[in-house]
Amino acid sequence: MLIVPEALVASLVSPDDAFVAVEATFAAMARGEAYNFPVVREALGEGRQYGFKSGIDRAGGVLGVKAGGYFPGNAAKGLVNHQSTVFLFDPDTGQPTAMVGGGLLTALRTAAASAISIDRLALPDARVLGIVGAGHQAGFQLRAAARVRRFERVIAWNRHPEMLPRLGAVAAELGLPFEAVDLPRMREAEVIITITSSPAASLMAGHVSAGTHLACMGTDPKGKQEVEPALVAGASVFTDEVAQSVSIGEAQHAVGTGLLDASSIVPIGEVLIGRHPGRRSADEITLFDGTGVGLQDLAVASVAVARARERGLGVEV
Ligand code: NAD
């Protein structure tokens, strides 16, 4: 098997690669060629979370698991709080084929999913990008979104305003004016990305204009929440996987309180393969509930492994 350490991943997988790989995965899921296994997630105490996301893509010849979690004590030790590793297996024999550092891959595949939703569902002439959140993932989200629309400026809100300048620096790198705003000013945005670890809704229905596309990316376990359930219920809701959306995604709250029928949530893969039209009108609010599926991780890890093999990089054991 090939070991591809975290430090090599940046030189092997680009945001473009992640976009293409994740798009192909969502399409394969919609065609029934690929599916995710149930997510395992366990609380280890002292805020530590550990779990597994796994799946198989028969068409792509991919089988594997991402193991990892959140270890809040790491920062004090000079380590990243989120830790993960992807393991790939030969789908025919079950033999391990690769072990790949999963940190950057997670950020790239998450930003790719959000960008795919913006590409397919946002108004084509969207000019203002709103971002709610300014943590580790936010910069990746901004970079990926800027690839699919010609934004003219970025507005952002974060519960901890001292984190916003780092996001502003990414906007500056992209040549985009950046402004920290209050939540009601999110009404100026045609695209809003939410990427926080919030346990309660920050973005309310009154903060969002008609025609906006929302990519809600922060809610991935039970108990987190970024937007008001009424906003979810009033939107056309798309997701990576419906089972995760209603159990661990943003839609868990709207579905749990009976405001939204799970059967109305559309897998984005249906749009990608042309089975669903996506946005139907310029006034519609579209919302992508990006929960993060194991197959996304396996798809980008497979790219990293293929590139490493081509270039003779990594450690063969
Ligand atoms: P981070 O710890 O670097 O940043 C956390 C962000 O949440 C910061 O902006 C912080 O200010 C904000 N926040 C914290 N408490 C809040 C509160 N009570 N109200 C509002 N905002 C609050 O985390 P990150 O790596 O940027 O990840 C952000 C979120 O995205 C996490 O919840 C993570 O689990 C999730 N995530 C989802 C996917 C996916 O595929 N959907 C992938 C990776 C991460």
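**Exercise 1. In which strand is the place of Ala 215?**

Solution. The model is a predicted one. Ala 215 belongs to strand β12, which runs over residues 213-216.

Next, decide whether Ala 215 is buried or exposed. Its relative accessible area is 0%. The cut-off for buried is under 20%, so Ala 215 is buried.

Then list the contacts of Ala 215, setting aside neighbours within four places in sequence. The residues that remain are Ser 114, Ser 117, Ile 192, Ile 193, Thr 194 and Phe 288.

Last, take a distance along the fold. Gly 130 is 85 residues from Ala 215 along the chain, and their C-alpha atoms are separated by 10 Å.

**Exercise 2. Describe the second largest pocket by volume, lining and residue classes.**

Solution. Start with the volume, which is about 170 Å³ for the second largest pocket.

The lining of this pocket consists of 13 residues. Ala 21, Thr 25, Asp 57, Val 62 and Ala 299 are the ones that lie nearest its centre.

Now assign the lining to elements. Helices α2 (15-30) and α10 (294-311) are the elements that give two or more residues. The largest share, 5 residues, comes from α10.

Finally, sort the lining of the second largest pocket by class: 9 residues are nonpolar, 3 are polar and 1 is charged.

**Exercise 3. Which parts of the chain do the salt bridges of Arg 147 with Asp 16 and of Asp 297 with Arg 109 tie together?**

Solution. The structure holds 16 salt bridges in total.

Take Arg 147 and Asp 16 to begin with. The closest N and O atoms of this salt bridge are 2.0 Å apart. Arg 147 is in helix α4 (residues 136-148) and Asp 16 in helix α2, so the bridge ties together parts that are 131 residues apart in sequence. Arg 147 is partly exposed at a relative accessible area of 39%, and Asp 16 is partly exposed at 41%.

Turn to Asp 297 and Arg 109, whose side chains meet in a salt bridge with an N to O distance of 2.9 Å. Asp 297 lies in helix α10 and Arg 109 in helix α3 (residues 103-121), so this pair ties together parts that are 188 residues apart in sequence. Both Asp 297 and Arg 109 are buried.

**Exercise 4. Find the partner of Glu 270 in a salt bridge, then identify a network of salt bridges.**

Solution. Glu 270 is paired with Arg 275, and their closest N and O atoms are 3.0 Å apart. Glu 270 has a relative accessible area of 16%, so it counts as buried. As for the network, Arg 153, Glu 179, Arg 185 and Glu 188 are joined into one by salt bridges that share partners.

**Exercise 5. Which residues of helix α5 are buried, and what covers them?**

Solution. Helix α5 spans residues 164-173, and its buried residues are Leu 164, Leu 167, Gly 168, Val 170 and Ala 171. They cover an arc of only 155 degrees around the axis, and therefore sit on the same side of α5.

The cover over these buried residues includes β8 (128-132), α4, β9 (153-157) and β10 (178-180).

Consider the face of α5 turned away from the buried side: the exposed residues it carries are Pro 165, Arg 166, Ala 172 and Glu 173.

To finish, look just after α5, where Gly 175 takes a positive phi of about 75 degrees.

Technical notes
Residues numbered from 1 in each chain as written. Predicted model: local features only at pLDDT ≥ 70, side-chain atom pairs only at ≥ 80, totals over all residues. Heavy atoms only, no water. Helix = DSSP H or I, 4+ residues; strand = E, 2+ residues; numbered from the N terminus. Buried < 20%, exposed > 50% of the residue type's maximum accessible area, 1.4 Å probe, protein only. Contact = heavy atoms within 4.5 Å. 1 Å grid on protein atoms, 1.4 Å probe; cavity = no way out; pocket = protein on both sides within 12 Å on 5 of 7 lines; lining within 4 Å. Points joined across faces, edges and corners; volume = space filled by probe spheres on them. Nonpolar A, V, L, I, M, F, W, Y, C, P; charged D, E, K, R; others polar. Salt bridge = Lys/Arg side-chain N within 4 Å of Asp/Glu carboxyl O. Arc of directions from axis to C-beta.
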